[in-house]
Each structure stands twice: as structure tokens, then as C-alpha cells.
Amino acid sequence: MNKPPVPNTIQRDVLFLTLGTVACLLPFIGKAVHLDDPVYVWIAQQIHINPADFFGFQINWQGALVTVSEFNRNPPGVSYVLALAAAVGGWSDAALHLGILPCSIAVVLGTYAFAGRCCRAPLLATVAGCATPAFMVSATTLMADIPMLACWVWALVFWERGMRSNHQGNFFVAATLVALGALTKFIAVTVIPLLLAWSIVRDLRLRLYLLWLLLPIGALIGFDFYTAHVYEHGILSDAANYAAGIGTKIPRHERFITAVIFVGGTLITVALFTPWLVRGRIRIASAFAIPAMLGLIVALGQLGYTPIRLLEGGVRWDIALHACIFAAAGLPLLFLSVDELRRPRGDTFGWLLAAWLLGIFVFAAAVNWTVSTRVILPMVPAAGILLVRGLERAGTLNTAWRVAPLVAGLATSILVAHADYQWAGSARDAAIDLADRYWTDANSDARADIPNTTRTQLQFQGHWGFQYYMEQMGASAFDLRKRRVIPGSILINPCNNTNVVPFPQSFGRFVETVRYPTSRYATVHSPTRGVGFYASTFGPLPFALGPAPDDPYDVLRLQAPTGAPAEDIKRNCGMTPSG
């Protein structure tokens with residue numbers, strides 16, 4: 001067991017980590033509502049109306065207007081945080097992000113508190129784990145991931161305190177945090193078996209304090225019964241059935257390779273320490289990992305839906321090189337976890353950390369419907385701590401060089417977070433600009449190049465942040481369940497989005513394609529570049545260095561005859577792959 005830091009050191013480190021977190025995240029406070037953020041914001045707005053009926057409203061999120069409970073398989077925990085933030089500061093983008101900022105600080109300080117029990121350099125472990133793209137980008141969203149992780153890591157802190165002191169209050173706080181985490185995002189339920197197994201390994205027998213784990217179990221069962229009563233089906237049961245029923249055509253070995261790539265890319269700061277984790281012949285052997293991985297990836301020819309080798313005989317070297325570097329960076333972290341399982345039995349922290357990280361990896365690679373940074377995120381605290389423990393064993397913990405990989409990793413993480421910030425802002429700019437171009441109110445003159453604009457309806461496809469801002473501008477999402485296509489209406493299709501149906505020429509006239517720049521220095525989402533930070537179905541890379549392609553938006557004037565059913569559109573065109 002490691003000696004905890006002295007109180008003066010703790011106060012200094014806590015102040016440094018708090019100010020550092022604020023300094024890193026404050027520049028992103030005006031980030032546009034992005035990806036799945038709108039759903040959580042809309043639920044927060046509903047909570048202001050009726051806190052007990054959080055899913056009791058309709059939105060068009062997947063091509064048709066339905067009740068939120070019909071498609072949303074996530075609990076509403078983070079929306080209560082957003083509702084509280086809005087009650088204090090309003091519904092502006094900045095106010096909502098400020099509401100999430102304390103959760104990000106809680107993750108950082110919770111990681112430090114737990115690292116203080118597991119290793120000799122908790123500050124290094126915290127910075128190395130949190131100065132990563134996985135944390136930095138997630139901390140600039142309004143989704144459930146960061147609040148869930150805050151509950152996760154502090155539950156471990158209080159559970160360990162309870163086992164050390166046998167104080168029942170600590171177990172109660174830990175169990176309550178697990179329940180809150182699971183009611184924010186269901187993946188936090190995996191903390192229950194993690195705590196159970198850790199306690200048994202530590203004490204070598206069952207103890208009465210394990211009964212506290214019934215509290216989060218009971219909370220989840222109660223939530224499922226409540227939603228079944230209010231919405232006629234349990235949200236937790238629905239999520240479990242969905243996870244069991246959804247399938248993928250991607251071979252399992254490709255999913256595992258993609259998961260390794262995501263681990264290395266999204267935890268790149270930890271991976272940059274690899275040269276100091278190995279010595280001698282192992283270091284020489286490790287130097288061959290990148291070319292070996294490159295050969296394997298090229299030999300496979302494809303990762304997921306992204307081709308590496310082209311039919312005409314060429315190789316997508318930009319994708320292959322990023323993939324092999326990230327994979328070679330991710331493997332040592334997995335090896336660190338396996339190595340912890342070989343440590344003396346008395347050190348149960350190593351066993352916990354290994355089970356924590358490897359469990360998330362298996363879930364991301366084999367269970368979840370896609371490999372995603374959002375799934376990798378819970379590894380962050382464990383990865384930083386495992387790194388420091390590995391440096392302790394290698395005898396390279398106290399050397400001066402360690403600042404270099406931290407600075408390089410933080411710079412990369414900020415670059416990736418800025419790319420996501422720019423992509424989110426691009427969708428907001430596109431919505432405002434396109435709505436301004438094609439929407440005029442009843443007192444405005446019609447545009448000369450678009451006859452009868454005042455009598456048209458402005459509609460759009462696609463969702464994510466683009467939908468959020470289009471609806472704020474007065475446009476409406478096209479509903480595929482409606483029986484009529486309104487002649488003369490304007491339809492805007494974002495090409496780099498989800499749930500977009502390509503219309504045949506018989507249903508409308510193409511007006512123009514408008515392109516909006518996204519990011520200049522890094523890419524977080526581009527099927528053409530094989531990048532899918534939020535879902536590997538768009539690409540096997542979490543990010544790629546270099547400018548991102550502009551996002552195109554097609555503008556059409558619908559001319560389908562009155563009565564044309566939306567089902568005909570589906571039958572004639574087919575749905576595009578959805579994320």
C-alpha cells in the first residue's frame with residue numbers, strides 16, 4: 001500500500017488540478033450543442049415543465065415524430081444537472097456548459113483521490129489520464145459521460161475508505177453514487193460487480209457491507225418499474241433488449257483491432273510514456289510493433305466499413321499509418337493491465353485497476369454496438385494510475401523527462417478538442433446561415449432566385465446539433481411517416497450527418513450545395529478519412545491529424561405530387577448508414 005500524500009501537498013495539488021481543469025476547459029465554454037447533446041437539453045427543458053415526466057414529449061430524432069421514450073434508451077440523470085444549470089444561468093450554450101464543468105472537475109479530483117491510494121505519484125497519474133482526448137473532448141459535451149464518470153470514480157474512493165475504516169457511512173455514499181451514476185448512464189452499473197469482486201478478493205470472504213450494493217440495484221429496478229408505469233415500457237429493460245438484439249456485420253477480430261486503435265488514440269498521453277516503461281530487449285522488440293501492426297492492417301484490407309486497400313490496387317496510407325501508430329500505442333496499456341494480474345495477491349489495487357480497464361475494453365470491443373470514445377472514457381482514471389505503477393516498477397518514475405510526454409499529450413488533446421469544437425460550430429453556423437438564406441417571414445419579399453419563398457416550408461433532414469439550431473431558426477425536421485410531401489417546400493440535407501434519406505430526382509429539384517469548413521488541423525468525424533471519434537461505424541480512427549473536409553449541405557425544392565407517400569422515398573432511395 002502506498003503512503004498517502006501529506007496534507008500540504010494535497011492542498012497544493014487539488015488547487016493546481018482545479019485551476020488547470022478550468023483553464024483547459026473554459027475556452028470551450030461557448031461550444032455549440034453537438035451530437036446527442038440536443039436530446040439531453042430537450043429532456044432538461046421538459047424537466048422544467050414536469051420533473052416527474054421527463055420523457056413525456058415528442059421529437060423527430062430518427063426520421064419520424066415519436067415520444068422520447070420510444071427511442072431514448074438512456075436515463076435522464078444528466079438532464080437534471082442541465083435543468084439546474086439552466087435555472088441558474090438560462091439556456092444559452094455557455095450556461096449549459098458551465099453547468100457540466102463541476103462534473104469535469106469532480107472527475108479530475110476523484111481520480112487524484114483514488115490514485116493517492118494506489119500509487120506514489122497521484123498528481124502525475126491524474127494529469128496523464130485526464131490530459132487525453134478521451135477526457136478533454138468528452139468534458140466539452142453536454143452528454144451523460146462526464147457526470148457518470150464523476151459518480152463512478154468517487155464511488156470507488158468512498159468504497160475504499162469504507163473497507164479501510166469499516167465506517168458504514170462511506171459505504172452508503174459509495175452505493176448512492178453508484179445509483180446516481182447508473183441513473184445517468186447505464187454503463188455505470190458495471191461498477192457493482194467491480195466493487196463486489198474487489199471486496200471479495202481483498203477480504204477473501206463475503207462481508208455484510210456488501211449488502212450496500214443492493215441500493216443501486218434497487219434504484220435501477222425502481223426506475224425500470226416507474227418508467228414502465230408511466231411510459232408503458234421500462235427504459236432499462238428496453239435498453240437491455242436493444243443491446244442484446246442489435247448486431248453488427250463487422251468481424252470480431254476487426255472490432256478488437258479497432259478497440260485497440262481507439263485506446264491508443266484517445267489515451268495518447270498515457271501511450272507517450274511507453275518508451276520509459278520498457279527496457280533492454282523488450283524496448284528493441286517494441287520498436288518493431290509499428291511496422292508489424294502496419295503490415296497487419298494493410299493485409300486485412302479493411303477495418304469495419306472503411307477500406308484500407310482500394311479495388312484499383314492502392315492503399316489508404318493516411319488511414320493505415322494513423323491506425324498502426326494508435327494500435328501500437330494502445331497495446332502497452334493493455335499489457336500493463338495484464339501485468340498487474342501477476343503482482344502479489346496482497347496488492348488488490350492492481351487487480352482492481354486491471355479488471356476495470358480490461359473490462360471496459362472487452363465491453364467496447366465485443367458488447368457495445370460500436371467502438372466509441374464515449375465507451376473508452378471510463379478507462380481514463382485507471383489508465384493514468386496503471387501508467388504510474390508501471391513507471392514505479394521500471395524505476396523511471398522520478399526522472400525529469402516526464403514533463404515532455406505530458407506537454408505533447410495535452411497539446412494533442414487540446415488540438416482534438418478544438419477540432420470537435422470547430423465541427424460543432426460549423427453545424428451551428430450552417431443552420432443559421434441556411435435558415436437565413438431560405439426562410440423569409442410573411443412581411444419579407446420573396447427572393448428573386450427562389451420563387452414563392454414566402455409560401456414555402458423550410459424543412460431539413462439529419463439530426464445532432466444541426467437539428468437543434470435549425471429548429472431554433474423555425475425550420476422543421478422532415479417526417480418520413482407523413483403521407484404527403486409538400487410541393488414547393490425547401491429541404492436541406494446535411495451530407496455528413498445521420499438518418500438522411502437521399503431523395504430521387506422525381507421528388508424534387510436540386511438547388512445548390514453549400515459547403516462549410518470544419519477543422520483546419522485535426523479531424524474527429526469524416527467517413528472519407530476513416531475517422532469516427534464518436535462511433536467507429538464512420539471510421540476506425542478516433543481522430544486524424546490534418547484538415548477535415550468541408551461539410552456539404554444539399555438544398556432541394558420538393559416537387560413531388562401531392563399525396564406521394566414517404567414510404568416511396570424510402571423504397572426508391574434507401575436509408576443511408578446511420579450512426
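## Ile 492 and its strand

Take Ile 492 as a way in: its bridge partner in β13 is Val 555. On the other flank, Phe 460 stands opposite Ile 492 in β7. This is a predicted model, so read what follows with that in mind.

Strand β7 covers residues 490-494, and 5 of its 5 residues are buried. Ile 490, Ile 492 and Pro 494 point one way from the strand, while Leu 491 and Asn 493 point the other way. Both sets are buried.

## The sheet around it

Zooming out, β7 belongs to an open sheet of 5 strands, in the order β6-β5-β7-β13-β8 and with mixed pairing. At the edges stand β6 (476-477) and β8 (508-516); each has a single partner strand, so one side of each is left without a neighbour in the sheet.

How do the strands pair up? As a general point, strands of a sheet pair through backbone hydrogen bonds, either parallel or antiparallel. Here, β5 (residues 458-460) and β7 pair in the parallel sense over 3 bridges. With β13 (residues 551-558), β7 pairs in the antiparallel sense over 5 bridges. Further out, β5 and β6 run parallel and are joined by 2 bridges, with Gln 459 opposite Ser 476 in β6.

## Nonpolar cores

Ile 492 turns up again in the largest nonpolar core, which has 169 residues. Along with Phe 114 and Trp 159, Ile 492 is one of the residues there that touch the most other members. Leaving aside residues up to four places away in sequence, Trp 159 touches Phe 171, Ala 174, Leu 195, Trp 198, Ser 199, Tyr 209, Leu 210, Trp 212 and Leu 213. Apart from that core lies another, of 9 residues, with Phe 478, Val 485, Phe 507 and Leu 556 among them.

In soluble globular proteins, nonpolar side chains tend to be buried together.

## A nonpolar patch outside

Not everything nonpolar is tucked away, though. Leu 208, Leu 211, Leu 214, Ile 217, Ile 221 and Phe 225 form a nonpolar patch on the surface, and together they have about 660 Å² of accessible area.

Is Phe 225 buried or exposed? Phe 225 sits in helix α11 (residues 214-231). Its relative accessible area is 62%, and the cut-off for exposed is over 50%, so Phe 225 counts as exposed.

## Ala 83 on helix α4

For a contrasting spot, look at Ala 83 in helix α4 (residues 77-89). Its relative accessible area is 7%, and buried means under 20%, so Ala 83 is buried.

What does Ala 83 touch? Not counting residues up to four places away in sequence, the list is Ala 44, Ile 47, His 48 and Trp 91. Gln 45 is worth a look too: Gln 45 and Ala 83 are 38 residues apart along the chain, yet their C-alpha atoms are separated by 6.6 Å.

## The chain overall

The whole chain has 23 helices and 13 strands. Of its 579 residues, 56% are buried. The accessible surface comes to about 24000 Å², and carbon and sulfur atoms account for 62% of that.

Contacts reach a long way along the sequence: among those between residues at least 6 apart, 77% join residues at least 24 apart.

How values were computed. Residues numbered from 1 in each chain as written. Predicted model: local features only at pLDDT ≥ 70, side-chain atom pairs only at ≥ 80, totals over all residues. Heavy atoms only, no water. Patch = residues over 30% accessible without salt bridge, like charges linked within 9 Å, V, L, I, M, F, W, Y side chains within 5 Å. Areas by Shrake-Rupley, 256 points an atom, 1.4 Å probe, with all protein chains shown as cover. Salt bridge = Lys/Arg side-chain N within 4 Å of Asp/Glu carboxyl O. Helix = DSSP H or I, 4+ residues; strand = E, 2+ residues; numbered from the N terminus. Buried < 20%, exposed > 50% of the residue type's maximum accessible area, 1.4 Å probe, protein only. Core = buried A, V, L, I, M, F, W, Y, C linked by side-chain atoms within 4.5 Å. Contact = heavy atoms within 4.5 Å. Pairing = 2+ DSSP bridges.
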